[in-house]
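Subject: Handing over the structure

Hi,

Here is the structure I promised to pass on to you. Please have it open while you read, and my notes on what I found follow below.

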Amino acid sequence: MKQADADREIACMEAIAADCRAQVAGQKPDLFAQEQPKSERPGLVSSTGSTRVVVIAGDFAFKIARSAAHRACNLFEGRIWNEATPERRRMLCPVVHCLFDGWVLVMRAARPLTKEEAAAHLTADTYPDWDYVPGGEGEPFEYKASDWGMLDGRLVALDYSSPAIPIGEGA
């Protein structure tokens with residue numbers, strides 16, 4: 001990545017964080033509180049998926065669409081989160097905000113599962129069940145290590161946009 005591009009993305013992330021802080025100010029719980037010691041909070045990490053670049057900054061994950069077609073994944077996850085029942089929300093990584101018409105999705109940062117943890121959940125059949133709802137979405141996630149993580153002591157889907165991935169593209 002060129003330095004100018006990196007600087008632009010960092011400025012964008014800072015603007016997004018400031019916007020989110022302004023919007024949730026006064027709400028409880030404070031999503032931006034830094035309750036954990038700094039040494040235990042996630043640092044800046046970047047990974048590239050098939051449709052998005054994911055930047056982890058502190059307690060937040062920023063999913064940045066790689067193309068106009070890929071912003072559908074961010075919009076899909078935002079919609080699934082907003083429409084989810086309380087039972088379904090417990091199995092999803094929380095969406096904090098969908099910005100710039102889906103170009104950026106802000107979620108809580110979670111610890112991804114290791115391949116061994118994911119295999120153990122699959123073998124023990126301990127992944128959460130996405131209950132059938134007539135006329136509703138089918139399971140929006142896959143059962144692979146990179147799509148699941150631990151947040152606040154529970155197993156959550158980190159990526160639940162599988163139905164929105166453009167045809168011909170996969171993880």
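Let me start in strand β5, where M107 is the bridge partner of V95. Please keep in mind that this is a predicted model.

That pair belongs to the contact between β4 and β5, two antiparallel strands joined by four bridges. The hairpin they make has four residues between the strands, and F100 there takes a positive phi near 50°. β5 also pairs with β3, again in the antiparallel sense, over five bridges. In that pairing, I64 stands opposite V104 of β5. Is β5 enclosed or open to the outside? Four of its five residues are buried, so β5 is largely enclosed by the rest of the structure.

Further along the chain there is an open sheet of three strands, in the order β6-β7-β8, with antiparallel pairing. Its edge strands are β6 (111-112) and β8 (154-157), each of which pairs on one side only. Between β7 (residues 148-151) and β8 there are four bridges, and the two strands run antiparallel. If you want a place to look, M150 stands opposite L155 in β8.

Now to the interior. As you know, nonpolar side chains in soluble globular proteins tend to be buried together. Here the largest nonpolar core has 27 residues, and L92, C93, F141, W148 and Y160 are those with the most contacts inside it. Two or more residues each come from α2 (71-83), β5 (104-108), β7 and β8. Which element gives the most to this core? That is α2, with four residues. There is also a second, separate core of nine residues, which includes I16, V55, F62 and V106.

F141 deserves a visit of its own. Its relative accessible area is 5%, so F141 counts as buried. Setting aside neighbours within four places in sequence, F141 is in contact with M91, L92, W130, W148, A157, D159, Y160 and S162.

F141 also takes part in the aromatic pairs, of which the count comes to six. With Y143, the ring centres are 5.6 Å apart and the planes stand at 75°, so this pair is edge-to-face. With W148, the centres of the two rings are 4.9 Å apart and the planes are at 70°, so that pair is edge-to-face too. The partners of F141 sit in unlike surroundings: W148 is buried, with a relative accessible area of 0%, whereas Y143 is partly exposed at 29%. Ring pairs link Y127, W130, F141, Y143 and W148 into a cluster. Elsewhere, the ring of W81 has the charged end of R89 over it, 4.2 Å from the ring centre.

Last, the charged pairs. The count of salt bridges comes to six, and I picked out some for you.

- K63 and E77 meet through their side chains in a salt bridge of 3.0 Å, N to O. The pair links distant parts of the chain, with K63 in strand β3 (residues 60-65) and E77 in helix α2, 14 residues apart. Both K63 and E77 are buried.
- R71 forms a salt bridge with D101, and the closest N and O atoms are 2.7 Å apart. R71 lies in helix α2 and D101 in the loop between β4 (95-99) and β5, so the pair ties together parts 30 residues apart in sequence. D101 is exposed, with a relative accessible area of 56%.
- R108 and D152 meet in a salt bridge between their side chains (3.5 Å, N to O). D152 is in the loop between β7 and β8 and R108 is in strand β5, so parts that are 44 residues apart in sequence are tied together by the pair. At 58% relative accessibility, D152 counts as exposed.

If you have time for a short tour, I would begin at β5, which is largely enclosed by the rest of the structure, and then go on to F141 and the cluster of rings that includes W130 and W148. After that, the buried pair of K63 and E77 makes a good last stop.

Happy to talk it over whenever it suits you.

Best wishes

Note on methods: Residues are numbered from 1 along each chain as its sequence is written. This is a predicted model: local features need pLDDT of at least 70, side-chain atom pairs count only at pLDDT 80 or more; totals for chains, interfaces and linings use all residues. Side-chain values use heavy atoms; hydrogens and water are left out. Two strands pair if DSSP finds at least two bridges between them. Rings of Phe, Tyr and Trp (its six-membered ring) pair if their centres lie within 6.5 Å; planes under 30 degrees apart count as stacked, over 60 as edge-to-face and the rest as tilted. Buried means under 20% relative accessible area, exposed over 50%, partly exposed in between (1.4 Å probe, protein chains only). A charge sits over a ring if NZ of Lys or CZ of Arg is within 6 Å of the ring centre and within 35 degrees of the ring normal. A nonpolar core is a set of buried Ala, Val, Leu, Ile, Met, Phe, Trp, Tyr and Cys residues joined through side-chain atoms within 4.5 Å. Contact means heavy atoms within 4.5 Å. A salt bridge is a side-chain nitrogen of Lys or Arg within 4 Å of a carboxyl oxygen of Asp or Glu.
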